[in-house]
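Biologist: Hi! Could you pull up the model so we can go through its packing and its pockets together?
Modeller: Sure, here it comes.
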Amino acid sequence: MADFVGAVDQGTTSTRFMIFDHGGNEIARHQLEHQQILPQAGWVEHNPVEIWERTRAVVETTLGKADLSASDLVALGITNQRETTVVWNRRTGRPYYNAIVWQDTRTDRIASALEREGKGEVIRRKAGLPPATYFSGGKIKWILDNVDGVRSAAEAGEAVFGNTDTWLLWNLTGGTDGGVHVTDPTNASRTMLMNLETLDWDDELLSFFDIPRQMLPEIRPSSNPDLYGVTRRDGPLHGEVPLSGDLGDQQAATVGQVCFGVGEAKNTYGTGNFLLLNTGNELVRSEHGLLTTVCYQFGDEKPVYALEGSIAVTGSAVQWLRDQLGIISGAAQSESLARQVDDNGGVYFVPAFSGLFAPYWRSDARGAIVGLSRYNTNAHIARATLEAICYQTRDVVDAMQNDSGVHLDVLRVDGGVTANDLCMQIQADVLGVPVSKPVVAETTALGAAYAAGLAVGFWGSTEELKSNWNEDRRWLPAWDDEQRTNGYIGWKKAVERTMNWVDVD
């Protein structure tokens with residue numbers, strides 16, 4: 001029997017492939033970045049062909065590093081940047097346009113028009129989401145309305161849509177030669193087009209965006225014993241491996257953190273921050289700016305739902321310090337630079353580059369650095385950047401506690417930013433609760449592997465997965481209540497300064 005499970009983790013800035021053993025231990029990985037295409041202010045795009053090429057490369061390289069072949073993998077799972085929208089020709093395999101990334105704000109007029117026309121409440125009730133630039137539905141409409149020939153191709157059944165999971169699944173299973181056009185409920189629930197109760201595309205929601213139903217993928221369970229298909233022999237695995245798991249990245253991290261119980265939560269620190277709270281089989285409607293989403297669906301079991309707080313810019317703010325300001329040479333230097341000062345020196349940085357997501361949902365907001373004086377240095381800006389990650393998380397934690405009544409005893413964390421020891425200490429200080437990091441910090445890929453392995457019996461149950469979780473590091477709060485309160489008051493004042501900056505029709 002094959003001894004390992006593979007996971008493709010297709011993220012916002014890079015694609016990685018990881019291989020895990022039965023204990024959930026990492027065997028090998030490889031990761032490659034892809035280009036961030038910024039045609040104009042507020043627009044963020046990726047090249048879908050480049051993403052597919054990077055996927056091929058990381059799979060082949062990882063197998064080579066581990067001296068393994070396709071026959072050593074019992075199953076393959078996929079996890080992906082959600083909401084990022086690809087529309088391509090099923091006959092030629094060519095995208096009609098670059099992938100429009102979840103951070104992109106060009107659809108702000110579409111979102112505001114939905115609210116103005118009274119459709120927002122229907123979308124909230126059926127899809128669990130507010131009309132916002134974040135989600136896929138508006139991006140599909142923009143491509144249909146603005147790229148020549150796409151609408152007629154969609155109506156003819158040639159132009160098809162998918163988030164990046166669907167794009168990769170289609171290519172991995174054959175592409176133009178029989179590729180499977182599928183997705184799972186966690187990705188479908190990020191489109192504003194799926195009914196949370198039926199787990200199917202909703203005709204009324206489709207009519208709001210004027211999207212032909214035939215361009216949408218089939219929705220199958222996240223952990224799928226009937227498979228999404230098998231990998232093509234001429235693909236990067238060079239063999240037939242069952243594709244049996246598909247989860248949006250934040251839901252995958254929730255599975256990787258084994259948050260299977262009602263009230264369990266995790267926070268992933270990546271390009272953005274995403275805090276998910278498991279609400280079980282109950283649909284909890286947020287009254288405090290959070291999203292209701294599908295957490296996962298395993299086989300023919302009932303779906304498990306979650307409340308989610310989505311924050312657009314956290315780790316990418318550190319990337320901005322590196323790439324746009326040039327005050328650090330790498331992400332790790334943000335910590336050493338920030339350690340040169342004891343506090344933020346009165347400086348707050350609100351990185352609302354794509355507006356503000358949860359719990360504010362303000363597409364009119366833009367980034368601001370406030371409280372500057374001649375005393376301040378680049379170290380204060382670096383410190384304020386790390387604090388921004390933590391204060392945005394507090395905004396979401398407070399909203400989640402108000403919605404659910406659940407008060408966190410500990411925050412489970414994962415993702416790249418957790419390597420920043422200072423940032424995690426600030427997070428504990430800002431929240432006033434311990435912060436816990438698992439041994440396997442890349443829980444997104446691990447969750448995709450778990451979903452795939454459960455489907456084929458490599459793991460027998462979620463209880464078995466829980467035994468794989470082990471704590472690596474814990475940070476305890478060091479601030480007193482006065483520090484915590486005063487710091488948060490300053491943050492809220494800074495957030496107010498970012499609003500009403502862009503005129504939205």
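Biologist: Which residues of α9 and α14 meet each other?
Modeller: This is a predicted model, so keep that in mind throughout. On the α9 side, Asp 249, Ala 252, Ala 253, Val 255 and Gly 256 make the contact, and on the α14 side their counterparts are Thr 443, Thr 444, Leu 446, Gly 447, Ala 448 and Tyr 450.
Biologist: What's the mix of residue classes in that contact of α9 with α14?
Modeller: The contact has six nonpolar, four polar and one charged residues.
Biologist: And at what angle do the axes of α9 and α14 cross?
Modeller: They cross at roughly 80°, and the axes come within 7 Å. So α9 is roughly perpendicular to α14.
Biologist: Nice. Now another helix pair: how do α12 and α16 cross?
Modeller: Helix α12, residues 378-404, and helix α16, residues 481-498, have axes that cross at roughly 95° and come within 11 Å. That angle makes α12 roughly perpendicular to α16.
Biologist: Who touches whom in α12 and α16?
Modeller: From α12 you have Ala 388, Tyr 391, Gln 392, Arg 394, Asp 395 and Asp 398; they meet Arg 484, Gly 487, Tyr 488, Trp 491 and Lys 492 of α16. By class, that contact has four nonpolar, two polar and five charged residues.
Biologist: Switching to empty space. How many cavities of 30 Å³ or more does the search find?
Modeller: One, over the whole structure. About 40 Å³ of space lies in the largest cavity.
Biologist: What lines the largest cavity?
Modeller: Its lining is Ile 311, Leu 356, Phe 357, Ala 358, Pro 359, Tyr 360, Gln 392, Asp 395 and Trp 491. Gln 392, Asp 395 and Trp 491 also belong to the contact of α12 with α16. Sorted by class, the lining has seven nonpolar, one polar and one charged residues.
Biologist: OK, and what about open space? How much lies in the largest pocket?
Modeller: About 900 Å³. The lining counts 40 residues, and those nearest the centre of the pocket are Thr 13, Tyr 269, Gly 270, Thr 271 and Gly 416.
Biologist: Which helix or strand gives the most to that lining?
Modeller: That would be α10, with five residues. The elements supplying at least two residues each are β2, β3, α9, β15, α10 and α11.
Biologist: How do the lining residues of the largest pocket divide by class?
Modeller: There are 11 nonpolar, 19 polar and 10 charged residues.
Biologist: What volume does the second largest pocket have?
Modeller: About 570 Å³. It is lined by 20 residues, and Leu 38, Val 44, Trp 320, Gln 324 and Phe 353 are the closest to its centre. The split there is seven nonpolar, 11 polar and two charged.
Biologist: Let's talk sheets. In what order do the strands of the seven-stranded one come?
Modeller: The order is β17-β18-β16-β15-β21-β22-β23, in an open sheet with mixed pairing. β17 and β23 each have a single partner strand, so they stand at the edges with one side left without a neighbour in the sheet. Ignoring direction, neighbouring strands are turned by 30° against each other on average.
Biologist: How many bridges join β16 to β18?
Modeller: Seven, and the two strands run antiparallel. Within that pair, Gly 280 stands opposite Tyr 305 in β18. Packed on this sheet is helix α13, residues 421-431, which touches β15, β21, β22 and β23 and makes about 55° with the direction of β23.
Biologist: And the six-stranded sheet, what's the strand order there?
Modeller: There the order runs β3-β2-β1-β5-β14-β13, again an open sheet with mixed pairing. β3 and β13 are the edge strands; each has a single partner, so one side of each lacks a neighbour in the sheet.
Biologist: How do β1 and β2 pair, parallel or antiparallel?
Modeller: Antiparallel, over six bridges. One residue pair to look at is Asp 9, which stands opposite Arg 16 in β2.
Biologist: Which strands of that sheet does helix α1 touch?
Modeller: Helix α1, residues 48-66, touches β1, β2, β3 and β5, and its direction makes about 150° with that of β3. Helix α6, residues 164-172, lies across β1, β5, β13 and β14 and runs at about 145° to β5.
Biologist: Great, thanks for the tour!

Technical notes. Residues are numbered from 1 along each chain as its sequence is written. This is a predicted model: local features need pLDDT of at least 70, side-chain atom pairs count only at pLDDT 80 or more; totals for chains, interfaces and linings use all residues. Side-chain values use heavy atoms; hydrogens and water are left out. On a 1 Å grid over the protein atoms alone, a cavity is a set of points where a 1.4 Å probe fits but cannot get out, and a pocket is an open set with protein on both sides within 12 Å along at least five of seven lines; lining residues have an atom within 4 Å of a point. Grid points are joined across faces, edges and corners, and a volume is the space filled by probe spheres set on the points. Ala, Val, Leu, Ile, Met, Phe, Trp, Tyr, Cys and Pro count as nonpolar, Asp, Glu, Lys and Arg as charged, and the others, Gly among them, as polar. Helices (H or I, at least four residues) and strands (E, at least two) are DSSP runs, numbered from the N terminus. Axes are lines fitted to C-alpha atoms, for helices over the stretch in contact, and angles run from 0 to 180 degrees between N-to-C directions. Angles under 35 degrees count as roughly parallel, over 145 as roughly antiparallel, 65 to 115 as roughly perpendicular and the rest as oblique. Contact means heavy atoms within 4.5 Å. Two strands pair if DSSP finds at least two bridges between them.
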